[in-house]
Amino acid sequence: MAGLALLAVAGCGSGRTGGGGDGGLVIGTTDKIFSLDPAAAYDQGSYVPETQVYQHLMNFGPGKTEPEPDAAEKCGFGTPTVYTCTLKTGLKFANGNPLSATSVKYSFDRMLKINDPNGPASLLGNLDHTDAVDERTVAFTLKNGNDQTFPAILATQAGPIVDEKVFPADRVLDDDAVAEGKPFSGPYTITSYDKNKLVEYQENPDYAGLLGKPKTASVSTKYYASPDNLKLDIQNGAVDVAYRSLSPTDLESLRGNDNVTVHEGLGGELRYIVFNLNTMPGGTPEQKLAVRKAVAASVDRDALSTEVYKGTYTPAYSSVPQGFPGATEPFKDLYGAEPNKEQAAKFLADAGVAAPVELNLQYNPDHYGGSSSEEYAAIKSQLEATGLFRVNLQSTEWVTYQRERARDGYPVYQMGWFPDYPDPDDYLTPFFAPNNFLQNHFEDPAITAQLTAEVTQPDKDKRLAIIRQVQREMADKHISIVPLLSGKQIAITAKGVQGTESTLDPSTKFRYSVLSK
Amino acid sequence: MLLRYLAVRLLLIVPTAWILVTVVFFLMRVVGDPISAALGGRLPPDQIEARKEAAGLNRPVLSQYWDYLSGLVRGDFGRSTDNQAIGDIIANYGAATLELVFWALLVAFLVGVPLGRYAARRRDKAADVGLRLFGILVYAAPVFFVGLLLKLIFAVKLGWLPVAGRASTNVELALQHVSPKTNILTIDAILYGDNSYLLDVLKHAVLPAIALGLLTAGIFLRLVRINLIQTLRSDFVDAARARGLSERVVVGRHAFRNAMIPIVTVMGMQIAMMLGGAVLTEITFEWKGLGYQLAQYLQARDFVAVQGIVAFLALVVAVMSFLVDVVVALIDPRVRF
């Protein structure tokens, strides 16, 4: 082989046998794709490729906070419970199949039917049924009228339109079959797919939606196992954009590098601990609640923010990040900004829980970034410092982690959240409604009723009052999650790369089509 | 006589491989079943039992062992938890590891053998002492540390070589279209016919090959040195000198060839060591081969995949040992008797 290589380098090679690789934009990430099938994935790592290749009826334009028609020509409420969209003419998938109203109906019916525990079907909780009225008209009938969020939900991970000739109606399609079937209608199509290693996108010439013609015809995503290598490659110019997730130390060092630019965008990313209400420690619901309250009173968010994340994340005392309308800080009000050992001990003692409580705490270092190891080591120390907990930490790779956490595999575990749409409801309904995406068995009729009331309340002030009330009640009476930190979206670009600022917007959709160099 | 020797050695592969895969199977069971190991204490015991039953892990170990062994005989290494055939994983990523080990062996030979020979000829002089120290250092230094050091110097500081990966993104994408595709990028780049692509692939191989190759180069250096020193003291070397042959001919044609026999003999063991080192090298350099996959599956706590890949690597070591025996028999007729 060495001899052959030397001969070839010396000029003996000839005759190409294939094409590709025209040197487009290269994006590096340490994130992972869980699934390319929209019915099975509800995570940022999967949504980034979905954003590029699937079209939605409604979408968020770069920098916009209100959804606008994408595959649709127009959408609107006919009656309070019926939302109707008319499709643009001549829409088709990259494989040539037509994209019609039946495709839209099929996509939503399929998502609800499969109801995958890792999928975003929970976002469609208010959708009763979908009708293809004619070739271009689709009508969504809602369970509760005046849904203030439904247009935005069409633009989320629950809304990609899929090809009924490629995706089976009742089961998830594996990624290679998706890539081969070319059921793409977004700004790009996938032309080469090596899962979580290298994915190539080429401009879809048939796309005529909201995002317009991509500024770069060819984009590739390179998946890294090590954030260190990603950092060195962006520094050396081997990749053009690094998006998720470099360590705070790396970011600090890159900020002083003239060859790259660190961009920060509005994000509202949330990092939090989830409790599986069935498998977490505690013999009775009251004891379990006491354990959760004791955890809430024992964690030191400030220390996590400053010591682990060097200020790149700020302490979060509610699931709704500060800055969103209606955001409050009930965890600070109820459990204090500092760890309170006496209060935590009292919660346990009052409920008859013997200390130390053994907590099997699971976290993930690849999807949520390498600093998760430090973050959860710090949480372990904080909890154990109270003498009330004995924490067994365990980490798992993302694809397995995502599957297991939805199968009751982890009693207490790390999660993170990127909003689907820029509205405080997106920090409440997906977490606390029945069949919520956390799959942690939390369901409470009073909270469900308040969430329904909040979503369907047209009066803004009344709606925000309900949002504040839900935050307070969740922190006081339920605590199915303990919010820890919130942060911004961060991307690093090499010299000459443009467009990043416009996609680091509140929609948290990372659109390749606006990037160029 | 040679044929009989080779036939016996070939037949010995079967029990060797059987012992290796059996050890792998039972070692994996020593830590408990995969489901308890991953989810013990996290799921209630009844759910753990239900999952074990669904995966067939609550059957007697011997019954599982029989299924595992009969699967291996059919070439079935099992399926990962994400439902990929381990055989496909080996086929897809084995070539990358093979390529890395090839380049690393080349580095080990090119560095270890000439330096060992040089050290032997300058026994106890400064150069010899320096080279012996170098041999110990490169053997003792962890692969990931050497890799990191090489990256910082040659990729970051000097910018001569790439940081990680098997090729630049555009090259890797282009080579996916080569037909027939071997997944050995050096060969695929030759087939593609663009020398700049080949150069790119070779540049990406330099640092990982050096990081992994130096580990073995240290051993080769010390072995060649010591064997050559001993051979140079032999009667047949004295006889050659007495016949008036030049020192160059004595060392090069007579002593050195004999000194190489032990090197070839330990090569089998070195390949096993390199496959182990390849795991760390592949992680350090994002070289997406079997070692990299193995690390991913370990992180995912996918015991079936880990067991399948480790069993395959064990089989490779068994086959390589046989090939080494063949080469030794060809070089040194004495071992055939």
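This passage describes chain B of a predicted model, its surface patches, and one residue of chain A.

Chain B is built from helices. It holds 15 helices and zero strands. Along the principal axes, the C-alpha atoms of chain B fill a box of roughly 80 × 50 × 40 Å. The chain has 337 residues, and buried residues make up 50% of them. Contacts were also sorted by separation in sequence. Of the contacts in chain B between residues at least 6 apart, 72% join residues at least 24 apart.

The surface of chain B comes next. About 15800 Å² is exposed, and carbon and sulfur atoms supply 67% of that area. Charged side chains were counted as well. Chain B carries 32 positive and 23 negative side chains. The centres of these two sets lie 12 Å apart.

A nonpolar patch appears on this surface. Its members are B:Phe144, B:Phe145, B:Leu148, B:Leu149, B:Leu152, B:Ile153, B:Leu158, B:Trp160, B:Leu280 and B:Ile283. Together they have about 920 Å² of accessible area. Two elements of chain B, α7 (143–157) and α13 (261–284), each give two or more residues to the patch. The most comes from α7(B), with six residues. One member, B:Leu158, sits in the loop between α7 and α8 (169–175) of chain B. B:Leu158 counts as partly exposed because its relative accessibility is 38%, and this class lies between the 20% and 50% cut-offs.

A positive patch is also found on the surface. It is formed by B:Arg121, B:Arg122, B:Lys125 and B:Arg248. B:Arg121 belongs to helix α5 of chain B, which covers residues 86–121. The relative accessibility of B:Arg121 is 40%, so this residue counts as partly exposed.

In chain A, A:Ser513 gives a view of a buried site. This residue lies in the segment after α17 (500–503) of chain A. A:Ser513 has a relative accessible area of 3% and is therefore buried, since the class requires a value under 20%. Its contacts were listed without neighbours within four places in sequence. On that basis, A:Ser513 is in contact with A:Gln52, A:Pro187, A:Tyr188, A:Leu211, A:Lys213, A:Pro214 and A:Lys215.

Note on methods. Residues are numbered from 1 along each chain as its sequence is written. Chains are lettered from A and ligands numbered from 1 in the order in which they are written. This is a predicted model: local features need pLDDT of at least 70, side-chain atom pairs count only at pLDDT 80 or more; totals for chains, interfaces and linings use all residues. Side-chain values use heavy atoms; hydrogens and water are left out. Patches are made of residues with over 30% relative accessible area and no salt bridge: like charges are joined within 9 Å, nonpolar side chains (Val, Leu, Ile, Met, Phe, Trp, Tyr) within 5 Å. Accessible areas come from the Shrake-Rupley method with a 1.4 Å probe; for residues, only the protein chains shown count as cover. A salt bridge is a side-chain nitrogen of Lys or Arg within 4 Å of a carboxyl oxygen of Asp or Glu. Lys and Arg count as positive and Asp and Glu as negative; His and the chain ends are not counted. The place of a charge is taken as NZ of Lys, CZ of Arg, CG of Asp or CD of Glu. Helices (H or I, at least four residues) and strands (E, at least two) are DSSP runs, numbered from the N terminus. Buried means under 20% relative accessible area, exposed over 50%, partly exposed in between (1.4 Å probe, protein chains only). Contact means heavy atoms within 4.5 Å.
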